[in-house]
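Thanks for coming. I will go through one structure today, part by part, and keep to what the coordinates give.

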Amino acid sequence: MKLLFVIITFFIFSFVNAQTFTISGEIKDVSTGELLLYADCYDVLSQKGTTTNAFGHYSLGLSQGTILLTASYLGYKSFEKKITLTKDSIINISLMPKTEQLDDVILNKSIPVHKQTLMGKITVPVSSIKAMPSFVGETDVMKSLTYLPGITGGKEGYSNIFVRGGDRGQNLILLDGIKLYNTNHIGGMLSLFNSDIIKQVDLYKGGFPSRYGGRASSVIDVFTKNGNSVKTKGKFNLGVLTSSILVEGPIKDKVSYYFAARSSYYDLFTLKKRKIYRKTGREGYFGYTLFDINSKINWRISDNNTYSLTFYTGHDYQSAADEVSYHDRSTSKMRIHNTGIALNQFYTLNPKWFLKNTLAYSNYSNWLQDYEKNDDFIYEYSTVSNINEISWQTRFEYKPNTFHTINTGLETSYYRFKPSEQHVLLETENESNSNNSGYNNSIESVEGSVYIEDEMKISNKLRLNLGLRSSIYIPKDTVFYRFEPRVSFRWLVNEDLSVKANYTRMNQFNHALINNYQGFEKEIWLAATKKLIPQKADQFSSGIFYSKKDSNWKFSLETYYKVMTHLLEYHSPLNDEDNTSNLEENVITNGKGEAYGVETQIAKQEGRFTGSLSYTLAWNYRQFEALNKGKSYPFIYDRRHNISLFTRYKLSKSYTLNSNFTLSTGTPVTLPEAYIAPDANSSNYGYFVINSINNRRLPLYHRLDVSVVRTRKNKKGNKRQVSLNLFNIYARQNPIHIYYDRNTGQIKQKSIFSIIPTLNLSYEY
Amino acid sequence: MNTSYKAIKYTVLILFFVSCETEKVIDYDTYYEGDKIVVHGYINQKDGVNVIVKKTLSPDDLEANDVLTDAHVYLVTADESIELDKIDAYLYTLPATALEMSQEYRILVESVSLSSIFSTNQSLFEGTFIDTLQIEEGGFSRDLQLTYNNPNLDSRYYYKIFEYFDGELVESSEYYDTMFDPYGIIKPSTIGVQYKTYNVYSTELDSLVVELYTFSDDLSRFCESFSDSEGTSEDPFVDYRLAVYSNIENGYGLFASYSYDTKTLIVEE
């Protein structure tokens, strides 16, 4: 009761303004014009400070009189200016990059993490992502996130991420406000994010702000650059798997843009074989092409009104043909397609009110086809699955004073699904049969959400973030209402150390089912229905955070407990036609998930030597009534121990040595506990007995990746970079599967990747 | 340009060479829970009860002896239990005359050396009847058209076809002398009349005997899970591996009912 009185009193008095004025503005990079997100802004005299928000703006309420305003951002020279404050003022700040530290790695830069109210959030600048040794020479945003505590990568070489026991379909992935339903090239071996256009990645493992919703496990909010508003720049990148080009620059004073394209060229080597196949049917081939295009136009209409239009499209196309006789043909093809467009408006209504409007469209589709033709018949089987979304988001940020930052807004989305349409054609000399099955009709649904959150500074030590999100989801046969409370608090023990805790609830209305097609992952998105009830995740987490002032070292220790309900799984994990022809019948519903663990990280953020050491101790279980006799079993990506060590050492002005070592418990695997021989006097089959799913574990997983990067600049400032990447330097054969060979009675392991050396060249002008 | 092309080509080739899938034998501690009784048994109003009884083997020793020498096998109803006749080291039977349509039956196996096992109850039932049988003459082949009426989507079927000439069996759809091939299960996707086409192999035949089997739920689940389990056993990309369904408590295997309808088609020249 006493606490309630204190809170109510705080609410009443905190909105009563003293004689204060507001200074506001934006902080940007002077050389590129890029707005700097979460840059620090601080009055030394009153010791009051803030950071720029996700729009690059800051707003700070200060008392009348003289102030000493400073602004800083890691890798930039600090700004400092004495100002006499007599009225509300707009002060835009430009920071100069420290050229001698241009290549310094920044592991994590934002307001010191121990001072933030929210926990479970990690801000990853692109410089940090680019510093990691890469797989086949491709810098990959998603793969770099798997080295953070609490995040598990999927199968070796794949870009999927699993956050605190969640599934890969439970990650909300946003690209400038575009909700992405598939983030993979080559079935997951490469993510669709082109690192050249990314400014920053915000990852939330827990403590989700109420402005985010719709997924159960995590939020990955990717911000792209606005394009260089000072001068035209370009970059070429030549890699083994893909090559890319980037052009960015200003168009007159108020408009900037970037255009980036990336493509593979493996298919060039199959052109000859394809030609022979088309003519003769001989020379079977396997072809694969991927490409993506990213583009953005940023139009600063006035100082307080900016529009940006982001466009993304990505394609994967696989085709394979078997060698046949002259007139016959036998081919299989697969096409995966993603497109997203977002129109964003950033409007500063006044120094205390910010508005962001987003109109976005997102499309994901995959298509498979098997085709066979001979003298007797033509057979064609094809299946297509897609999802289209049009969404509108309006978000207000209101900073009435230094005690409150209020975010409120609404979102609405219209979805159109075609989960799985199948088409079979059989044509002979005499007849032609064509049959459509599966979900031939599109399914539509609408989702609407309103939210409000208040980040409250109750005292210098205590901060509280209270939020509520309310959603309505209208699919074909019912209506779902959901409420999601979010609570976070931070207690600053002293200037360097804080304690935090939070509780969040997330609901997920659209379900993702993931199947494998010849090792390529294939997502099918489904709307919630009366049978497929929305998934729900409740998460509690707490932690201590230490960050010594004026020191580059930081330390964190977090614990979490997460319960997930209404999870889905296929009856059979096999990619057979039954799974996709009648999805609702072939899906197991009402699954439960339980995940808990401890995560810790120590990191050095700046200097000649930088790096981080992360350790996660985690438990992750699933329970379905129809699987494993209804008993709980370890989830396939349950890894008890996970250690990741990332180091970067600047050998000289030009050379940098990066390394990344990963060591983790092997993933669970199901091994038989007994064998039943074929019946005597019969030719039937023997089989193995499995009493429980995921009853054993693969051997320990460990790998060391190293890269050496040489960076040189000429007098004009053009940058050339050559990097040699050695993936899995000691050629460890990490198993991705083990099984009994019934012919020999031996246990065999399958591995995919050995040492992979790659060379990358890039040139920036 | 030509040099660059070659450099890229060879780099790609090296990349694919070093990243190819490998397979090797590893030393891994296996776990075997000890011998347990296994039953593969079927009950039907025409064929009676046929049960194969044996024991499990360690996954490390697949060629070991699986005969259970001291088994006693009983068919148990609510009122009584009848011991089955031992035919050979594995097979135990009971004639159809001992069965009643209205009863529910389960199997009980007792052994001195191993723990007793029992199955879930099975009911005898009347299955789906064959509606029509006819031969369709094609350009190069002869097809047998079989129709039957499927009452619901949960039903599962299986068929055996025997081709006769001069009273002798000349061809059969059954390549194995097993009871059912788990991969041959038929799962209709629609309710109502079902058409099944079978390519007739024999050039000379005078009659065809068709048996259409209707599976009980337990038998369907066993066959479906068998093929799914096999499919997932060596696939590294599946998220979990499926177990073969069993309705035997304290042991493994299956005791299940089925029903079948037989029709003979006289083939005219």
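Among contacts in chain B between residues at least 6 apart in sequence, what percentage join residues at least 24 apart? It is 68%. Please keep in mind throughout that this is a predicted model.

Let me stay with chain B for a moment. Chain B holds two helices and 18 strands. The chain has 269 residues, and 49% of them are buried. One sheet here is open and has three strands, ordered β11-β12-β15 in chain B, with antiparallel pairing. At its edges are β11 (130-137) and β15 (192-200) of chain B, each of which pairs on one side only. On average, and with direction ignored, neighbouring strands in this sheet are turned by 20 degrees against each other. Looking at one pair, seven bridges connect β11(B) with β12 of chain B, residues 142-150, in the antiparallel sense. If you want a position to find on screen, B:Q134 stands opposite B:Q145 in β12(B).

Now to chain A, and a sheet at low residue numbers. Four strands of chain A make an open antiparallel sheet in the order β3-β2-β5-β6. Why is one side of β3 and of β6 in chain A left without a neighbour in the sheet? Both β3 (48-51) and β6 (79-85) stand at the edges with a single partner strand each, so there is nothing in the sheet on the other side. Neighbouring strands of this sheet are turned against each other by 20 degrees on average, direction ignored. The partner of β3(A) is β2 of chain A, residues 40-43, which runs antiparallel to β3(A) and is joined to it by four bridges. In that pair, A:D40 stands opposite A:T51 of β3(A).

Next, the core. As a general point, nonpolar side chains in soluble globular proteins tend to be buried together. The largest nonpolar core in this model has 29 residues, and those touching the most other members are A:F193, A:I198, A:V201 and A:I220. Several elements of chain A supply at least two residues each, among them β9 (121-125), α2 (126-131), β16 (198-204), β17 (218-224) and β20 (255-264). Take A:V201 as an example. Leaving aside residues up to four places away in sequence, A:V201 touches A:I122, A:T123, A:V124, A:I129, A:V141, A:I220, A:D221 and A:V222.

One of those core contributors, β20(A), leads on to a set of pairings. β20(A) pairs with β21 of chain A, residues 285-302, in the antiparallel sense over nine bridges. Within that pairing, A:S256 stands opposite A:N298 in β21(A). β21(A) is also joined by 17 bridges to β22 of chain A, residues 305-321, again antiparallel. There A:N294 stands opposite A:Y312 in β22(A). How many residues lie between β21(A) and β22(A) in their hairpin? Two.

Last, the empty space. The count comes to 14 cavities of 30 Å³ or more. The largest cavity holds about 400 Å³ of space. It is lined by 33 residues, and A:K143, A:T146, A:Y147, A:T662 and A:R703 are the closest to its centre. Elements of chain A that each supply at least two residues of this lining include α3, β10 (151-153), β40 (655-664) and β45 (701-713). As for α3 of chain A, residues 141-145, this helix also supplies at least two residues of the largest nonpolar core.

That is the tour.

Technical notes
Residues numbered from 1 in each chain as written. Chains lettered and ligands numbered in written order. Predicted model: local features only at pLDDT ≥ 70, side-chain atom pairs only at ≥ 80, totals over all residues. Heavy atoms only, no water. Core = buried A, V, L, I, M, F, W, Y, C linked by side-chain atoms within 4.5 Å. Buried < 20%, exposed > 50% of the residue type's maximum accessible area, 1.4 Å probe, protein only. Contact = heavy atoms within 4.5 Å. Pairing = 2+ DSSP bridges. Axes fitted to C-alpha atoms, helices over the stretch in contact; angles between N-to-C directions. 1 Å grid on protein atoms, 1.4 Å probe; cavity = no way out; pocket = protein on both sides within 12 Å on 5 of 7 lines; lining within 4 Å. Points joined across faces, edges and corners; volume = space filled by probe spheres on them.
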